[in-house]
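The following exercises practise the reading of a protein model. Each one sets a task and then gives a solution in steps.

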Amino acid sequence: MNAIEFILAGMLAAATPFLLAALGELVVERAGVLNLGVEGLMALGAVLAFIVVYHGGGHVMGFVAAGLGGAALSLVFALVVLGFRANQVAAGLAIGILGQGLSALFGKSYESLTVKGLPKLALPWLSDIPVVGGLFVQDVVVWLSLAATLAIWATLAYTKTGLVVRAIGENPKAAHAIGYPVVAVRFAAVAFGGMMAGFAGAYAAVVYTPLWADGMIAGRGWIAIALVVFGTWLTGRIFLGACLFGAVSLMGLAAQATGLDVPSQLLSSLPYLVTIVVLGIISADRRLLKLNGVASLGEPFDR
Amino acid sequence: MTAPLLSLRGISKSYGQIRANQAIDLDVPPRSIHAILGENGAGKSTLVKLIYGVEQPDSGTIMWKGAPLSLASPAEARRAGIGMVFQHFSLFETLTVVENIRLVVPGRKADLAERIRTLGRDFGLEVDPFAHVHALSVGERQRVEIIRCLMTNPKLLILDEPTSVLPPQSVEKLFDTLRRLRDGGVSVLFISHKLEEIRAICDHATILRGGRVTGHLDPREHDVHDLARMMIGRDMPEPMPALARSGGDKRLEIIGLDYRPDDPFAVPLSGISLTVRSGEILGIAGISGNGQTELAALISGETELPREQRDRIYMMGKDVGALDAATRRRLGFAFVPEDRLGRGAVPEMSLVLNGLLTAHPLKLLKHGLIDRKNAAAFADECIRRYDVRTPGPETEAGALSGGNLQKFIVGREIMLSPKLLFVAQPTWGVDIGAASAIRRRLVTLRNEGMAILVISEELEELFELCDSIQVLHNGKLSPPLVTRDTRPEEIGRYMIGARSPSGKVLA
C-alpha cells in the first residue's frame with residue numbers, strides 16, 4: 001500500500017471527529033451563538049462513550065451516552081449565555097475547561113485500557129477500484145456522518161427550520177419581531193451542537209483509536225471551530241475542510257511509513273499550520289464572508 | 001358610525017422613568033386610512049408596537065372587532081389579522097426576497113415567488129423574488145416589507161413612515177395601493193410626519209404629543225399649519241429666505257469621475273461632474289441605491305481613488321482624490337454620513353466621546369489626552385444649540401432616537417465651522433420641528449458663505465434648501481437644474497431614468 005492509497009483509505013475516518021464536531025458548531029453559529037467549548041464537549045463525550053463500551057454497553061449505547069452528555073453540558077453553557085446573557089467567549093472557554101476536567105476525572109481509572117473498534121463495511125464494486133477503492137471501506141459511523149452532512153446541508157438550505165435558524169443568526173431582533181422564539185431556537189441549536197460534539201468525541205475514543213488516554217482529543221475541537229469559519233459557514237466546504245484535515249493528519253504517519261526524513265514534530269504540526277494558512281486565504285474574500293457570515297455571532301440577544 | 005375595527009382605551013406604557021404612552025384612546029373604523037401624527041419621541045412607535053404585540057401595555061384595553069384582545073407576540077397579531085411594515089426594516093440581508101417572505105408566509109418557494117411577482121404587478125411593487133436583500137436599495141426593501149405584509153391578508157395594515165424612501169411617482173403609486181386595499185376591506189394605520197401626505201390620503205388622524213393624544217380630527221378639513229401646530233404645540237417656523245447667489249470660489253469640484261467599486265453589489269459611477277461654490281447649496285436627488293453610497297464615500301474620503309486617477313476630485317482647489325478622510329477634514333471639510341449608528345456615531349460610546357470623534361481639533365485634547373472638561377462642554381453646547389433630547393452628555397449615542405442622534409451629529413459637524421459641508425440625508429427620521437431647524441441652520445450657513453452639498457431622497461427638502469439640484473440615476477449624474485426654474489415632476493423624471501442625463505446643460 002503506497003502513501004496515497006493509505007491516505008485515501010484513512011482520510012474519511014480521520015476526518016469524522018472534525019466533521020461531526022464542526023457540523024454541530026455550524027448549526028450553533030448559524031443560530032448566532034459562538035460555543036468555544038467544543039474541545040471540552042468532545043472530551044466528555046469521549047470518556048462517557050469509552051466507559052459505556054468498556055463495561056459492555058455496546059457502541060450504540062456509548063454514542064447515546066456521549067450525545068446526551070455533550071448536550072447536557074452544552075445546555076449549561078446555553079443557560080449561562082442565553083439565560084443570563086453572559087459573555088459567550090468566556091463562558092465557552094469555561095465550559096470547555098470543565099468538560100476536559102470532567103473527562104480526566106471520569107477517565108482516571110481507565111487510563112491506557114482498550115476496547116474493540118467497529119468493523120469496516122465495504123461498498124460492493126466501488127471498493128474494488130484500484131487506488132481509490134479504500135475510500136469505500138469504512139465503518140458505519142463514517143457512512144452515517146456523510147448522511148448527516150447531507151441532511152444538515154439540505155436542512156439549512158431548503159427547509160423552513162433551516163431558514164429560521166439562519167434568520168435568527170443574522171438578525172435576532174427582526175426574527176423576534178416577526179414572532180420567532182429566538183432564545184428557544186438558540187437553546188435547541190446549542191444542544192444539537194453539544195450532542196454532535198459528544199458523538200465526535202465518542203468516535204475518536206471508541207472507534208478511531210479505541211484506547212483511553214487523557215487529553216486524547218488533542219485540539220481537534222479547536223480545529224473543528226476553525227473549520228466552520230474556514231468553510232465560511234457552508235456545509236459542503238466544511239466537509240471538504242474536514243477531509244483536508246483528515247488527510248493532513250495522516251501525512252505524518254504516511255511519511256514515517258515510507259521512511260521520509262522529515263521531523264515528526266513538523267508533520268504533526270501540519271494541521272495547525274494548514275488552519276492558519278487557509279483562514280488567511282478565506283478572510284481575503286470579503287464577498288464570501290459578507291454573503292455567508294453570521295451577523296449576530298456571539299452577541300447576546302436582548303429584546 | 002360603524003363599530004370600530006380596532007379600539008384602544010386608556011393605553012399606557014412606561015420605560016423606566018419615561019412615560020412613552022399615557023392614556024391613549026384611538027378608534028380605527030373598518031375600511032379607513034387612519035393617520036397617527038406626531039414628532040419623534042411623541043410615542044408613535046411605542047403605540048404601534050403595543051398594537052402589533054411587540055410590547056405589552058402597562059394598562060388599558062385593546063378591542064379588536066368588538067372583543068378584547070391581548071397580544072403576547074407579533075405572531076399572534078398576525079394571526080388576528082394585523083400586519084406591520086416597520087420603519088427600520090426587519091428584513092434578513094443574507095436571505096433572498098422569497099426566503100424572507102417564507103419566514104412569515106407558509107407555502108412552497110416557487111408558489112411564493114409567483115405570488116410576489118403577481119402582487120408586484122398589481123400594486124406597483126416590482127422586485128426580483130430571488131435577489132438577496134443586501135443587494136437591494138432601501139426603496140426596494142420597503143417594497144419587500146409591504147409585499148410580505150400583504151401576503152398574510154391583514155385586516156389592519158400598519159405602515160411606519162412608509163413614504164420617506166420613495167420618489168414622488170412611487171408615493172402616488174403607494175397611495176393608489178393603499179386606497180385599493182381600503183376599498184378591498186383593509187384598514188390602514190399610517191404613521192407619518194409629512195402633513196401634506198396625511199391630508200392627501202387619510203380619512204382620520206390622531207395627533208400625539210409627549211405621549212398623549214392632543215386631537216382626533218379629519219385631516220382633510222384642516223390645513224397644514226393647523227396640523228403642525230397641534231403636533232408640535234406651537235407655530236411652525238417660516239422657511240428662511242435665501243439670499244441671492246454670489247458666485248463664490250469653488251470649494252468642491254468633481255470632473256468626469258468614473259469609478260468601479262470592488263464590491264460586486266455596489267453601483268459603478270460614470271462621468272460624474274459637479275461643482276459646489278461657497279455660498280451655495282447643491283442637492284443630489286435620486287432614489288437610494290443609484291450610487292449615492294458610492295459617491296458619498298468617494299467625497300468623504302472613505303474610498304480613496306487609485307493614485308493614477310488624478311485631477312478628478314478637488315476640495316478648496318486641491319486634488320484630494322487619493323487623500324484619506326482625515327486629511328480632507330484638515331482642509332476644512334466636514335461630513336454627516338447617511339447611517340448615524342456605525343458611521344456617524346459609535347453607539348456604545350457617550351455623546352461626549354462621540355463629539356470628540358471629529359471635533360478633536362477644537363482644543364478637546366491636551367497633550368494627546370482627552371480634555372474631559374472641554375469635551376463635556378462641547379457636547380453640552382451641541383445638545384443645547386441643536387435641541388438634542390437626551391438625559392445628558394454621558395448618555396450612550398445608541399440610546400438616542402434616530403432623530404435626536406441626527407441632530408447631535410449635524411450639530412457636531414456644523415460646530416467645526418467647515419468651508420465645505422457634506423450632509424447625506426440631513427433630516428431622515430427627524431421630526432418636523434427639528435428638521436426645519438436643521439434646514440434653517442444650513443441656509444444661514446450658506447448665506448454666511450459655506451459651501452454645502454446635500455444628498456437627500458426627499459424632494460421637498462431639496463426644493464426648500466438648494467440653489468440647484470442634480471439627479472443621480474444608475475450611477476450617472478444629471479446636469480445641474482436651477483431649483484427655482486424647475487418643477488418637481490422634472491426631477492422625478494430624471495429619478496426614474498425617463499430622461500437621459502445627457503440632456504441640455506444648464507448652470
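## Exercise 1: A stacked pair of rings

Tyr203(A) has a relative accessible area of 0%, so it is buried. The model is a predicted one.

**Task.** Determine whether Tyr208(A) is buried, partly exposed or exposed, and classify the ring pair that Tyr203(A) and Tyr208(A) form.

**Solution.**

Step 1. Residues count as buried under 20% relative accessible area and as exposed over 50%, with partly exposed in between. The relative accessible area of Tyr208(A) is 30%, so this residue is partly exposed.

Step 2. Across all chains, the structure contains 12 aromatic pairs. In the pair of Tyr203(A) and Tyr208(A), the ring centres are 6.4 Å apart and the planes stand at 20°, so the pair is stacked. The cut-off behind this step is that planes under 30 degrees apart count as stacked.

## Exercise 2: An edge-to-face pair

**Task.** Classify the ring pair of Phe175(B) and Phe190(B), and state in which elements the two residues lie.

**Solution.**

Step 1. A pair of aromatic rings is described by two quantities, the distance of the centres and the angle of the planes.

Step 2. For Phe175(B) and Phe190(B), the centres are 6.0 Å apart and the planes are at 70°, so the pair is edge-to-face. The cut-off for this class is an angle over 60 degrees.

Step 3. Phe175(B) belongs to helix H6 (residues 168-183) of chain B and Phe190(B) to strand E8 (residues 187-192) of chain B. The two residues are 15 residues apart, and their pair links distant parts of the chain.

Step 4. Phe175(B) and Phe190(B) are both buried.

A further group of rings is found in chain A: ring pairs join Phe50(A), Tyr54(A), Tyr110(A) and Trp212(A) into a cluster.

## Exercise 3: Positive phi angles

**Task.** Describe the phi angle, the place and the exposure of Val131(A), then do likewise for Ala23(B).

**Solution.**

Step 1. Val131(A) has a phi near 65°, which is a positive value in a residue other than glycine. Val131(A) sits in the loop between strand E1 (120-122) and strand E2 (137-139) of chain A. Its relative accessibility is 43%, so Val131(A) counts as partly exposed.

Step 2. Ala23(B) has a phi near 45°, again a positive value in a residue other than glycine. Ala23(B) is part of strand E2 (residues 18-28) of chain B. With a relative accessibility of 45%, Ala23(B) counts as partly exposed.

## Exercise 4: Distance in sequence and in space

**Task.** State how far apart Gly289(B) and Leu136(B) are along the chain and in space, and give the corresponding values for Tyr494(B) and Thr427(B).

**Solution.**

Step 1. Gly289(B) lies in the loop between strand E13 (280-285) and helix H9 (292-300) of chain B. The relative accessible area of Gly289(B) is 42%, so this residue is partly exposed.

Step 2. Gly289(B) and Leu136(B) are 153 residues apart along the chain, and their C-alpha atoms are separated by 7.2 Å. Leaving aside residues up to four places away in sequence, Gly289(B) touches Ser137(B) and Val267(B).

Step 3. Tyr494(B) is located in helix H16 (residues 488-495) of chain B. This tyrosine has 3% relative accessibility, so Tyr494(B) counts as buried. Tyr494(B) and Thr427(B) are 67 residues apart in sequence, and from C-alpha to C-alpha they are 22 Å apart in space.

## Exercise 5: The two chains as wholes

**Task.** Decide from the radius of gyration whether chain B is as compact as a globular protein of its length, and describe chain A in the corresponding terms.

**Solution.**

Step 1. Chain B contains 16 helices and 23 strands. The radius of gyration of chain B is 23 Å, close to the 23 Å given by the globule rule for 507 residues, so chain B is as compact as a globular protein of that length. Of these 507 residues, 57% count as buried.

Step 2. Chain A contains 13 helices and 2 strands. A compact globule of 303 residues would have a radius of gyration near 19 Å, and the 19 Å of chain A agrees with this. Buried residues account for 52% of the 303 residues in chain A.

Step 3. The charges complete the description. In chain B, the mean positions of the 64 positive and 63 negative charges are 1 Å apart. In chain A, the centres of the 15 positive and 13 negative side chains lie 12 Å apart.

Note on methods:
Residues numbered from 1 in each chain as written. Chains lettered and ligands numbered in written order. Predicted model: local features only at pLDDT ≥ 70, side-chain atom pairs only at ≥ 80, totals over all residues. Heavy atoms only, no water. Helix = DSSP H or I, 4+ residues; strand = E, 2+ residues; numbered from the N terminus. Rg over C-alpha atoms; globule rule 2.2 N^0.38 Å. Buried < 20%, exposed > 50% of the residue type's maximum accessible area, 1.4 Å probe, protein only. Lys, Arg positive; Asp, Glu negative; His and termini not counted. Charge placed at Lys NZ, Arg CZ, Asp CG, Glu CD. Phe/Tyr/Trp six-rings, centres within 6.5 Å; stacked < 30°, edge-to-face > 60°. Contact = heavy atoms within 4.5 Å.
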